[in-house]
Amino acid sequence: MAYVRQSGVTYLDPELVHDSFVLLTGADSVTRVIDLNGTVVHEWPYAGVPPRILDPALNGGRIGDVGVQLSDSGDARGGIYANGTVAQLSWSGERVWSWGEQAPGGAARQNHDWELLPNGNRLILVTVPRVVPALGDQVVGDQGLYEVTPAGEIVWTWLAGDHLDEFGFSEAGWAALRETVARDPEDPWGYLEMNSAKSLGPNRWNDAQPDSVFRPDNILVSFRKANIIALIDKATGTRDL
């Protein structure tokens, strides 16, 4: 049976989009910057999990630095376990910073998100294989956050498995979660599938009420499988919302 596989830009309404660029990693594990017509502006021969263009305001004025996966971890489970080294490359491809061998277990296991912070550290969404007692005695991919210094030292840690009782699961929700983990503890995307993490930064809500939950260094996170969005209090590690 014949079929048509579309390629390139399939639709563009210039009235509905800003004149901008798109950063993506393709199925060939190459990270590219394209314009809205699909023309490749630049590329790096590495995948991103996902790739990130860094804000020059936080990057010493450097334009075009990108975050990618520099090496594979070799973990057969793949998915959130697969990233061996997360790296920052310049526009021309030189390595500016990387982290992996210094990570627990010798692999970064960065996935879904990471961010360069105003203090020069990186906030990295990671996977930590471990037993979460609330879910049983199996080793699972517990996702969480590390704050990592330029030298590679972890100075702050938050793991979802330590805070499950703060998420408001019903008894039925707890039962479903434990059953899911028991059925497939090695799920390559994790038992909650933490998809994003972003520090709030300066914001109008904090300006109006400095003692509110919207402090600039608090972190907004989301969990796809749990259908939860939460705000982490950076100072205490607890869930605010």
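This is a guided tour of the structure above, from the whole chain to its cores, salt bridges and unusual backbone positions.

**The whole chain**

Begin with the full model, which is predicted, and colour it by secondary structure to bring out 2 helices and 14 strands. The radius of gyration is 19 Å, close to the 18 Å that the globule rule gives for 241 residues, so the protein is as compact as a globular protein of that length. Along the principal axes, the C-alpha atoms fill a box of roughly 60 × 50 × 40 Å. If you switch on a surface, about 13000 Å² is exposed, and carbon and sulfur atoms supply 53% of that area. Of the 241 residues, 44% count as buried. Among contacts with a separation of 6 or more, those between residues 24 or more positions apart account for 46%.

**The largest nonpolar core**

Next, select L145, Y191, L192 and F223, which have the most contacts inside the largest nonpolar core, a set of 27 residues. To see where this core draws its residues from, display β9 (122–131), β10 (139–148), β11 (154–159), α1 (171–183), β12 (194–199), β13 (219–223) and β14 (228–232), each of which gives two or more residues to it. Then centre the view on L145 and show what surrounds it: leaving aside residues up to four places away in sequence, L145 touches L123, I124, L125, V126, W156, T157, W158, M194, A197, I219, V221 and I232. Apart from this core lies another, of 14 residues, and W97, V126, Y146 and V148 are among them.

**Strand β10 and its partners**

Keep β10 selected and hide the side chains for a moment. How many residues of β10 are buried? The count is 9 of the 10, so the strand is largely enclosed by the rest of the structure. On one side, β10 pairs with β9 in the antiparallel sense over 10 bridges, and here L125 stands opposite L145. β10 also runs antiparallel to β11, joined to it by 5 bridges, with E147 opposite W156. Follow the chain from β10 into β11 and you pass through a hairpin with 5 residues between the strands, where G152 takes a positive phi near 95°.

**Salt bridges**

The structure holds 13 salt bridges, and a few are worth visiting in turn. Select D113 and R52, whose side chains meet at 2.7 Å, N to O. D113 lies in strand β8 (residues 110–116) and R52 in strand β4 (residues 52–53), so this pair ties together parts that are 61 residues apart in sequence. The two partners can be told apart by their accessibility, since D113 is buried at 8%, whereas R52 is partly exposed at 27%.

Move on to K225 and D187, where the closest N and O atoms are 2.6 Å apart. K225 sits in the loop between β13 and β14 and D187 in the loop between α1 and β12, so their salt bridge ties together parts that are 38 residues apart in sequence. K225 is partly exposed, with a relative accessible area of 37%, while D187 counts as buried at 17%. Add E193 and R224 to the selection, and you have a single network in which salt bridges that share partners join D187, E193, R224 and K225.

A further salt bridge is found between D75 and R77, with 2.8 Å between the closest N and O atoms; R77 is partly exposed at 25% relative accessibility.

**A buried glycine in a loop**

Select G78, in the loop between β5 (66–72) and β6 (83–89). G78 is buried, with a relative accessible area of 16%. Now add P188, which is 110 residues away along the chain, and note that the C-alpha atoms of G78 and P188 are separated by 6.0 Å.

**Unusual backbone positions**

Most residues other than glycine have a negative phi, and most peptide bonds are trans. With that in mind, look at the loop between β3 (40–44) and β4, where P50 is found, and check the peptide bond from V49 to P50, which is cis with omega near -10°.

Then go to S29, in the loop between β1 (21–25) and β2 (31–35), where phi is positive at about 65° although the residue is not a glycine. S29 is partly exposed at 39% relative accessibility. Finish at R109, in the loop between β7 (95–99) and β8, which has a positive phi of about 50°. Is R109 buried or exposed? At 13% relative accessibility, R109 counts as buried.

Key
Residues are numbered from 1 along each chain as its sequence is written. This is a predicted model: local features need pLDDT of at least 70, side-chain atom pairs count only at pLDDT 80 or more; totals for chains, interfaces and linings use all residues. Side-chain values use heavy atoms; hydrogens and water are left out. A nonpolar core is a set of buried Ala, Val, Leu, Ile, Met, Phe, Trp, Tyr and Cys residues joined through side-chain atoms within 4.5 Å. Buried means under 20% relative accessible area, exposed over 50%, partly exposed in between (1.4 Å probe, protein chains only). Helices (H or I, at least four residues) and strands (E, at least two) are DSSP runs, numbered from the N terminus. Contact means heavy atoms within 4.5 Å. A salt bridge is a side-chain nitrogen of Lys or Arg within 4 Å of a carboxyl oxygen of Asp or Glu. Two strands pair if DSSP finds at least two bridges between them. The radius of gyration is taken over C-alpha atoms; the globule rule is 2.2 Å times the number of residues to the power 0.38. Accessible areas come from the Shrake-Rupley method with a 1.4 Å probe; for residues, only the protein chains shown count as cover.
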